[in-house]
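Thank you all for making time this morning. I would like to walk you through one chain, beginning with a piece of its sheet and ending with the place where its domains meet.

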Amino acid sequence: MTTIRQRRVGKGTEAAEDQPSEETNVKPDGKIPSDPPGGKLWNILSITVGGIVAISLGLLTSVYVATLHENDLWFSNIKEVEREISFRTECGLYYSYYKQMIQAASIQQGLHGLVYDNKTESVRTINILERMNVYQEVFLSILYRILPIQQYLEPVYFYIYTLFGLQAVYVIALYVTSWLLSGTWLSGLLAACWYITNRVDTTRVEFTIPLRENWALPFFAVQIAAITYLLRTHLQPAQERLTLMAIFIATFLFSLTWQFNQFMMLIQALALFILDCLDMLPTAKVTWLYIIQISGLLLVCVLQFFNSMILGSLLISFNVSVLIARTIQKNLKKGSLLNRLGKLIFHVLLVLCLTLLINKFIKKILNLESDEHIFKFLKAKFGFGATRDFDANLYLCEEAFGLLPLNTFSRLSSTLLFYVYGFVLFLLTVAAVIVAFRNLSILTLFFSSISGSNQVQLKKKMEEYTVTLKPDAAYSLVHTILFGCLALSTMRMKYLWTSHMCVFASFGLCSSEVWKLILKCLHFYTSQRTQVIKYSVPIITLLYISFKFWPGIMDELSELREFYDPDTVELMNWIKSNTPNTAVFAGSMQLLAGVKLCTGRTLTNHPHYEDKNLRERTKQIYQIYAKRSPGDVYGILRSFGTDYVILEDSICYERRHSRGCRLRDLLDVANGHIMDGLGENEPDLKPSLYPRFCEEIKKNLPSYTMHFTRVFQNKTFHVYKLAKHK
């Protein structure tokens, strides 16, 4: 039978020279048949209803998490200091810059205070806009100042409502991605319902509102939705250009709002690289995506005053290496099987070597060491030798950076999400392997070894069971596999995986291609059966989820709690009332972020850990929990201009972690001292000559009181004022 293949376009990205052509249903005169008027009307109606459902679900999710936040803290009824304390650890640090911009005499003065900041790190002036991703706080504060809403809405509510509003964008983006993949908005509805019912494992926005990931992930989801649309076939040039623009904007906003953007986009670039090598994506479109990643990151680099950590990122080195390797190997996807496999292996090795060389060269030129703690952590985590490095062990001992707990899968299975996900993942992985083998001409070699008559019969049989995988589905498959590996290895990153898991599972359950493949394997295929199953199974699943989890959601929304942390409130009130505005405070990173937010006092250290000098400074400050002499600790604290030091019993007598992972244990090992308590110690560790500082100082011995005077105490905190010796 004669068919007409897609026309090759010279300048477009749709039909690259090495991309397999696709056949379309056409009339004998070569024109693509247009939909009948009834079909167009039905499409418009379906898109309208699907769009309304998407927006409604997004808004409902936003209201849902906002209500949970209010019910959990009674946020509307507690004092301002309690609201600020509820922004724990680094969340409080980020919010403090929003508060600083709001309270500044003018926008210009607020920006000047961020660019020349001398209160975040004592005896140092740093550029906050360079060091941290806080442009979102700057933008929101300016927006709040210029909009006529001050009389109706407090600054804190404007901030948290914006974050809850972004959750609506997040859910809508997931909904649209699933809709694009499956072709039906029922898939998007199922994805959104799974996201909501698995909230514990898909988001933590309601209790960590200012975290950078809560700003960034909605834009990442929008970017994935736009990439999914870009990878569809038969896009018009105007559609393609608009989609590329949407991808660039989403990539830029994602990169601007999260310091770990480069690592997430590196995984995305690896997914594109794998699929491009296997000839499963249009090369021209992949090239555009590489360029968009680089340009988006470089634009953020400019806005962050040429942040060296961005310039030295592996993402830029990798993408540049791929583009260079492509220039060197122009005929990568041509030739016989062995020839092509050889080229592919050489291409992968070339890209890997170029990436390492370029990255090493950039870091050498820039003298970059900001991200070395990440690689030390990864080296120790994956068993490439034990380490006594304090920073690496600090990450290794945190539960959030450990392996994904097994109970995660039982929770995901209770909503049927994990069962469906595993089933769809298996099917599409098999399909992807078959398509990849076919693209690499392995089946051609197989056919050539069969006799003529048998070959014709076998080809007819194969055509009946031909396995295909659309480019957008192939990307979604590799994306979920790579981010799944990341989540399994690091629990904190599970939110990147579980949200896409909802999209991937719902797409598989509502996909005609998936059900067609299953029914053909069972010798049960007809188009009518495929359509019936495609809609009935998702509807049954939605009914099951609704009946099982709706009562629980209602109970959750009716459960009322209240914020209660009197010791921290008492500490913050005392600091504001009894210390000068210029006082410098030392203590744990987590607590000091709250001190800056609630009191505006100067800090010695803070939780934003992406700076080598700050990491070294933090290790020195933490000697207050080590076995050091009072003179040593006093000298260290005064070298950073410290006026007051805050000791926490929860750290000094920590029981949350096991022996070897308590903060005092990490400090002892780093200092070469034997750890407290029963258990083994490494043979070269020695007893310390001094007792633990945080314990001994409470005895008010002369050797301590000559340097430190206790000025505040409650059940949790002890504040000491440092003497100012000449």
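Strand 4 and strand 5, the latter covering residues 717-722, run antiparallel and are joined by 5 bridges, and I should say at once that what we are looking at is a predicted model. These two strands form a hairpin, with 3 residues between them. If you would like to follow the register on the screen, Phe-708 stands opposite Leu-722 in strand 5, while Arg-710 has Tyr-720 of strand 5 as its bridge partner. As a general reminder, the strands of a sheet pair through backbone hydrogen bonds, in either a parallel or an antiparallel manner.

Stepping back to the sheet as a whole, we find an open sheet of 5 strands in the order 2-1-3-5-4, and its pairing is mixed. Strand 2 (602-603) and strand 4 (708-713) are the edge strands, each of them pairing on one side only.

Now to the domains. The domain assignment divides out domain 1, residues 210-503, and domain 2, residues 566-722, and their C-alpha centres lie 42 Å apart. How many residues does each domain bring to the contact? Domain 1 gives 15 residues and domain 2 gives 21 residues. Between them the two domains bury about 1,600 Å², with 56% of that area on carbon and sulfur atoms. On the domain 1 side, the residues that lose the most area to domain 2 are Arg-388, Phe-390 and Cys-397, which together account for 46% of what that side buries.

Turning to the polar side of this interface, there are 2 salt bridges between domain 1 and domain 2, and 2 residue pairs are found in polar contact across it. Which elements of domain 1 supply at least two residues each to the side that touches domain 2? They are helix 17 (372-381) and helix 18 (390-396), and helix 18 contributes the largest share, namely 5 residues. Sorted by character, the residues on that side of domain 1 come to 6 nonpolar, 4 polar and 5 charged.

Let me finish with charge pairs more broadly. In general, side chains of opposite charge can pair when their charged atoms come close. The side chains of Glu-398 and Arg-656 meet in one such salt bridge, at 3.7 Å from N to O. The salt bridge count comes to 32, and one example is Arg-492 with Glu-213, whose closest N and O atoms are 3.9 Å apart. That pair links distant parts of the chain, since Arg-492 sits in the loop between helix 23 (471-489) and helix 24 (494-509), whereas Glu-213 belongs to helix 10 (residues 212-230), 279 residues apart.

Definitions and conventions:
Residues are numbered from 1 along each chain as its sequence is written. This is a predicted model: local features need pLDDT of at least 70, side-chain atom pairs count only at pLDDT 80 or more; totals for chains, interfaces and linings use all residues. Side-chain values use heavy atoms; hydrogens and water are left out. Domain bounds come from an automatic or database domain assignment. Contact means heavy atoms within 4.5 Å. Buried area is the accessible area (1.4 Å probe) that two parts lose on being put together, summed over both. A salt bridge is a side-chain nitrogen of Lys or Arg within 4 Å of a carboxyl oxygen of Asp or Glu. A polar contact is a pair of N or O atoms within 3.5 Å; within protein, one must be able to donate a hydrogen and the other to accept it, and residues adjacent in sequence count only if both atoms are side-chain atoms. Helices (H or I, at least four residues) and strands (E, at least two) are DSSP runs, numbered from the N terminus. Ala, Val, Leu, Ile, Met, Phe, Trp, Tyr, Cys and Pro count as nonpolar, Asp, Glu, Lys and Arg as charged, and the others, Gly among them, as polar. Two strands pair if DSSP finds at least two bridges between them.
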